[in-house]
Amino acid sequence: MTTLPALTYVKGHGTQNDFVILPDPYAQIELTADLTAALCDRQRGLGADGVLRVATAGALVAEGVLERLPDGVSGVDWFMDYRNADGSIAEMCGNGVRVFAHFCRSADLVDTDRFTVGSRAGGRPVTIHHADGVDADVSVDMGQVRRGGESSVDIAGTRLTGEVIDVGNPHLACVVDGLTAAGLAELDLTATPELDAAVFPHGANIEIVTPVVPTAVDGVDFHAAMRVYERGVGETRSCGTGLVAAAAAGLSRAGRSEGVVALSVPGGDVVVGVSDGEAILRGPSRLVARGELLPGWAR
Ligand SMILES: N[C@@H](CCC[C@H](N)C(=O)O)C(=O)O
């Protein structure tokens, strides 16, 4: 049985979508699916919805973790090597990018408030509006919102129809007419939803969303509430890419292709702006703890 060396980690979350951050600049950790699942396990590990390995994109290519540099990512960029709690790899994580950027800034890996975070879905420019050692407010340029028509999902015997949306990773955003925030809170999301595998051969994240309602808040057009069932995790308290998909689907259901939507999830609030087929996600990040895993912890 292998004894793993001590690993340092930071724990953080974005609207309570929580992550184990592993600083690994030269990509020396053998981050297997088993190791990721053990780290994310809330009983035998640290507990998290996912892992964010912090390495340079160039090191990940040199070590064979990435085949090549994704579009818009250079070898010296800090790359968010994102893994879901079950050990699977996903292309993008919107809350993760905010937390990752906050970590890079507070650990002095970058000396500017605007930089690009690498992801498998491509470079994601970030702007840090405020950051201290614990809290940050970060905007992420989430790139293109690709719409792919309608599909449906079975959730605990209820059939919901939604919009297929790709923001680097796949989503089915179901805006449910007449659904209120109270009704949304009562939904049972414990069972695994059944998607159409022909539409989503690699699975998808599923958002259940209330219709958007106009707001009187300056600079915000609409509000909606969302819950999410994430691929590779289960229900989480927030999902940044899902919030972008939810905003885009909510806007199109209201006959709009653009607008600014404030969204509430069980873990907090974010704002998504959709314009010219692209989205900006703005929201909080909090770093919670820093520590060291003991050698042999995963035996
Ligand atoms: N929580 C993330 C999304 C993480 C990846 C997702 N589970 C997938 O498999 O696509 C976010 O904030 O976007």
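In the predicted model, the domain assignment divides the protein into domain 1 (7-143 + 285-293) and domain 2 (146-276). Domain 1 is thus given as two segments, 7-143 and 285-293, whereas domain 2 is given as the single range 146-276. The centres of domain 1 and domain 2, taken over C-alpha atoms, are separated by 24 Å.

The contact between the domains involves 22 residues from domain 1 and 18 residues from domain 2. On the side of domain 1 that touches domain 2, at least two residues are supplied by each of α3 and β7 (135-144). The largest share of this side comes from α3, which provides three residues. By class, the residues on the side of domain 1 that touches domain 2 comprise six nonpolar, 12 polar and four charged.

The ligand is surrounded by 18 residues, and the closest are A90, N95, N169, G240 and T241. Two elements, α3 (94-106) and α5 (240-253), give two or more residues to the shell around the ligand. Helix α3 therefore appears both in this shell and on the side of domain 1 that touches domain 2.

The shell around the ligand draws on both domains, with at least three residues from domain 1 (7-143 + 285-293) and at least three from domain 2 (146-276). In terms of residue class, the shell around the ligand contains 12 polar residues, four nonpolar residues and two charged residues.

Note on methods:
Residues numbered from 1 in each chain as written. Predicted model: local features only at pLDDT ≥ 70, side-chain atom pairs only at ≥ 80, totals over all residues. Near = placed C-beta within 6 Å. Helix = DSSP H or I, 4+ residues; strand = E, 2+ residues; numbered from the N terminus. Nonpolar A, V, L, I, M, F, W, Y, C, P; charged D, E, K, R; others polar. Domains from an automatic or database assignment. Contact = placed C-beta atoms within 7 Å.
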